[in-house]
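Please open the model in a viewer and keep the selection panel at hand. The tour begins with the whole chain and then moves to a single element.

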Amino acid sequence: MEKNTLNVKGMSCGHCIKAIEGSVGKISGVNSVKVNLDSGTVEVEFNPNEVTLDSIKETIDDQGYDVQ
């Protein structure tokens with residue numbers, strides 16, 4: 001498993017948490033995802049043999065958030 005913390009702009013409320021955790025959590029190979037609104041980060045643990053970090057970033061971007 002690989003763990004990564006992404007800086008994400010545009011998150012501000014409970015809906016943001018649900019949108020990101022719900023969409024990223026459904027990706028095959030993602031073990032866990034946790035949004036922290038205060039720090040503007042998304043911590044994700046995933047199996048790099050099943051999913052790429054770029055794919056995870058793209059999923060967050062597709063939800064309307066800006067991944068740094």
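How much area does the protein chain expose, and what percentage of it do carbon and sulfur atoms supply? In this predicted model, the exposed area is about 4,100 Å², and carbon and sulfur atoms account for 40% of it.

Next, display the protein chain as a cartoon. Two helices and four strands appear, in the order β-α-β-β-α-β from the N terminus. The radius of gyration is 11 Å, close to the 11 Å that the globule rule gives for 68 residues, so the chain is as compact as a globular protein of that length. Along the principal axes, the C-alpha atoms occupy a box of roughly 30 × 20 × 20 Å.

Colour the chain by burial: 38% of the 68 residues are buried. If contacts are drawn between residues at least 6 apart in sequence, 60% of them join residues at least 24 apart. Then select the charged residues; the mean positions of the 6 positive and 11 negative charges lie 7 Å apart.

Now select helix H2, residues 53-62, and show its side chains. Ile56, Thr59 and Ile60 are buried. These residues cover an arc of only 95° around the axis, which puts them on the same side of H2. On the other side of H2, Asp54, Glu58 and Asp62 are exposed.

To see what covers the buried residues of H2, add strand S1 (2-9), helix H1 (14-25), strand S2 (30-36), strand S3 (41-46) and strand S4 (66-67), which are included in that cover.

Finally, select Gly64, just after H2, where phi is positive at about 100°.

Methods:
Residues numbered from 1 in each chain as written. Predicted model: local features only at pLDDT ≥ 70, side-chain atom pairs only at ≥ 80, totals over all residues. Heavy atoms only, no water. Rg over C-alpha atoms; globule rule 2.2 N^0.38 Å. Buried < 20%, exposed > 50% of the residue type's maximum accessible area, 1.4 Å probe, protein only. Contact = heavy atoms within 4.5 Å. Areas by Shrake-Rupley, 256 points an atom, 1.4 Å probe, with all protein chains shown as cover. Lys, Arg positive; Asp, Glu negative; His and termini not counted. Charge placed at Lys NZ, Arg CZ, Asp CG, Glu CD. Arc of directions from axis to C-beta.
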